[in-house]
Amino acid sequence: MDVTRLPRIFLALVLLVLLLSPSVVQAAAPFPRGPGFYYDLVKLGVLILSFICWVRLCAWVDTDAAELKLERVFWNGILLAGGVGGFLVIWIVGIFWVTIIVAWAAVCGPAYWYVTVRNRQAPEDDRILTPEHLTLIFTRWTTRAPSEPEDAKIEGVPVRFMSRSATGEAEESERVERLRESKGYQAALRLVWDAIQRRATDIHLEPTAKDMPVRFRIDGVMTTIEPLTRTMGDAIVNIFKVLCNLDITEKRKPQDGSFSAQVEDRLVEFRVATAGAVAGEKLVMRILDATAQLADLSQVGMTEDMQNQLCDLINHPHGLILVCGPTGSGKSTTLYACLHEIDRFSQNVITVENPVEYRLDGVTQIEVNPKQGKTFASELRSILRQDPDVILIGEIRDKETAEIACQAAQTGHLVFSTLHANDSVTAIARMIDLGTPPFMLSSALIAVLSQRLVRKLCRKCRKRVKPSEETLKKLKVDRDAVRHIYRAFDPEEDRPKHSDEEDGEELQVCEACGGTGYVKRTGIFDLLVITDKIRELIRENPNIPELRKAAAEGGQQTLFEDGARLVIDGETSIQELLRVCK
Ligand SMILES: [Zn+2]
């Protein structure tokens, strides 16, 4: 029997008893009859309210237990017993205000027991009745302030667009005020809110002849969502262009700009780029959540050993530390995490970035602007005159910047930078390809960190599988050590085959991950510390196979080897690791 039906059956029984009992009471004669109201309406109300609460609680426990794969029948049974017992006590004993409390206790006790058990099983952000959870509820209640923006009230979307003033400060200008009435404004708000709720970092609007497909980049992977109609899509592109103060009559030449939005209680920045494509004007928008918490080294996903190794390197008085990987592999996050380890108040820390993505206290941040002739190289030369101790260079992509970085590292500065390279050994080759003299690089470089971001499996819907022989071989473990690993939920494969549930329930997507099977990302790393031997190789004979050999002898792990621990721990899937390391 379906356990979820039990409370409903009980409800029917209670109603039956309530309907029948007046005649029973009448039969049990010597009772003073009056005109109506044989029940105390207040007590009856409280009883019915309690009953509804109990049914809702049972329903919640049932779905929650199913989601967390807990003993559904056991917990349903206990709650049912508590409820039935409680109501029986009220029925039989009859001192209403005392027994109702007893009944509540009979239900709340098991419920509290269930909560403690389910919290152990649930992911951290899904635990309930914890101090964090209670504060969240409290702030949600108290911050429903009347100052909520007008348009948010209308549409239930807590997003308010703000334009840029001449000084670069975000403000709500007349331009936005006028825009509010135009076609597509509400749709634009909804699009932005939807993207933020799905944790998207980019929004792509790429028109075709008939409609406007919309794609979000979520956890580094492009995801197609509901398309817009072509007219609505064009209207939304126009709204964003006006917000960025771009020329709306120009639909072919590439343009770029930025605007801000107040999203709930934080300020989010949007960088917009438009360009003419065959079918019309396309738009790409990057979402920069400036209030997003900056990670420190313990949060980027490194093993403790590697953190310690890196901390030692960061405390060098001088030298060049490179972080490499493709675009969007989390290089800047790691660099900021490194700066986090440095005492920014006793040392002069200067960054040169394009663009400045996060504001850091105690750090001078300079933004390069090639259009105005402010390049990495020119800005670096000027900051070297400002007596810095630590310099962070957003990216090395030309000979001049590479040379200045090396010179600065040799003359008593600690220099951090990123480089577009596949792994730490090819990063060395890339620096030399850019034109850096090998002798200069060999004396400046102290370490190269290479990294990727892998998506973490959704804990609510990941599936346990037996690893194949091939997988075990790849992970370099034997069967006894790793009995099972996990893979992402696959809507095709995991659809229940002989389900007696209704069709609607089969198609339900996991709420925790939106059906993607993954939630958030973590880093995998390979750290190459430049030893004397490697230093000599760089100076004398910088070729990749020799360097790789020397690195492996020094105990360096590849990205895949570092990522294997996440597969073994069930944090990610082997498919995801292979995708990222290919
Ligand atoms: Zn999921």
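Which residues are exposed on the other side of α18? They are D532 and E540. Keep in mind as you look around that this is a predicted model.

**Helix α18 and its two sides**

Let's stay with this helix for a moment. Helix α18 runs over residues 532–540, and its buried residues are I534, R535, L537 and I538. These four sit on the same side of α18, because they cover an arc of only 160° around the axis. So what covers them? The cover of the buried residues of α18 includes three helices, α14 (424–433), α15 (438–444) and α19 (544–553), along with the strands β14 (445–457) and β17 (518–529).

**How far to trust the model**

The protein has an average pLDDT of 85, and 86% of its residues score at least 70. One stretch to treat with care is residues 145–153, where pLDDT stays under 50. For that stretch the model has 11 contacts beyond four places in sequence. Where pLDDT is low, the predicted coordinates should not be read in detail.

**A nonpolar patch on the surface**

Now find L88, W91, I92, V93, I95, V98 and V102, which make a nonpolar surface patch of about 710 Å². Two helices, α3 (72–93) and α4 (96–121), each supply at least two residues of this patch. Helix α3 gives the most, with four residues, and V93 lies in that helix.

**Salt bridges**

Charged side chains pair up too: the count comes to 25 salt bridges. Here are some of them, with the distance between the closest N and O atoms.

| Pair | N to O distance |
|---|---|
| R180 and E177 | 3.6 Å |
| R381 and E400 | 2.4 Å |
| E576 and R455 | 3.1 Å |

In the R180 pair, E177 counts as partly exposed because its relative accessibility is 42%.

The side chains of R381 and E400 meet in a salt bridge. This pair links distant parts of the chain: R381 is in helix α12 (residues 376–384) and E400 is in helix α13 (residues 399–410), 19 residues apart. R381 is partly exposed, at 38% relative accessibility, and E400 is partly exposed as well, with a relative accessible area of 42%.

Then there's the salt bridge of E576 with R455. E576 lies in helix α21 (residues 574–581) and R455 in strand β14, so this pair ties together parts that are 121 residues apart in sequence. Are E576 and R455 buried or exposed? Both are buried. Strand β14 may ring a bell, as it is among the elements covering the buried residues of α18.

Salt bridges can also share partners, and that is how D202, R217 and R286 are joined into one network.

**A few backbone oddities**

Most residues other than glycine have a negative phi, and most peptide bonds are trans. With that in mind, where does a cis peptide bond turn up? It joins N354 and P355, with omega at about -10°. P355 is found in the loop between β10 (349–353) and β11 (364–367).

Two residues with positive phi are worth a look. L129 has a phi near 60° and lies in the loop between α4 and α5 (131–142). Its relative accessible area is 49%, so L129 is partly exposed. K520 has a phi near 65°, and its place is in strand β17. With a relative accessibility of 46%, K520 also counts as partly exposed. And β17 is another of the elements that cover the buried residues of α18, which brings us back to the helix we started with.

Technical notes: Residues numbered from 1 in each chain as written. Predicted model: local features only at pLDDT ≥ 70, side-chain atom pairs only at ≥ 80, totals over all residues. Heavy atoms only, no water. Buried < 20%, exposed > 50% of the residue type's maximum accessible area, 1.4 Å probe, protein only. Arc of directions from axis to C-beta. Contact = heavy atoms within 4.5 Å. pLDDT = per-residue confidence, 0-100. Patch = residues over 30% accessible without salt bridge, like charges linked within 9 Å, V, L, I, M, F, W, Y side chains within 5 Å. Areas by Shrake-Rupley, 256 points an atom, 1.4 Å probe, with all protein chains shown as cover. Salt bridge = Lys/Arg side-chain N within 4 Å of Asp/Glu carboxyl O.
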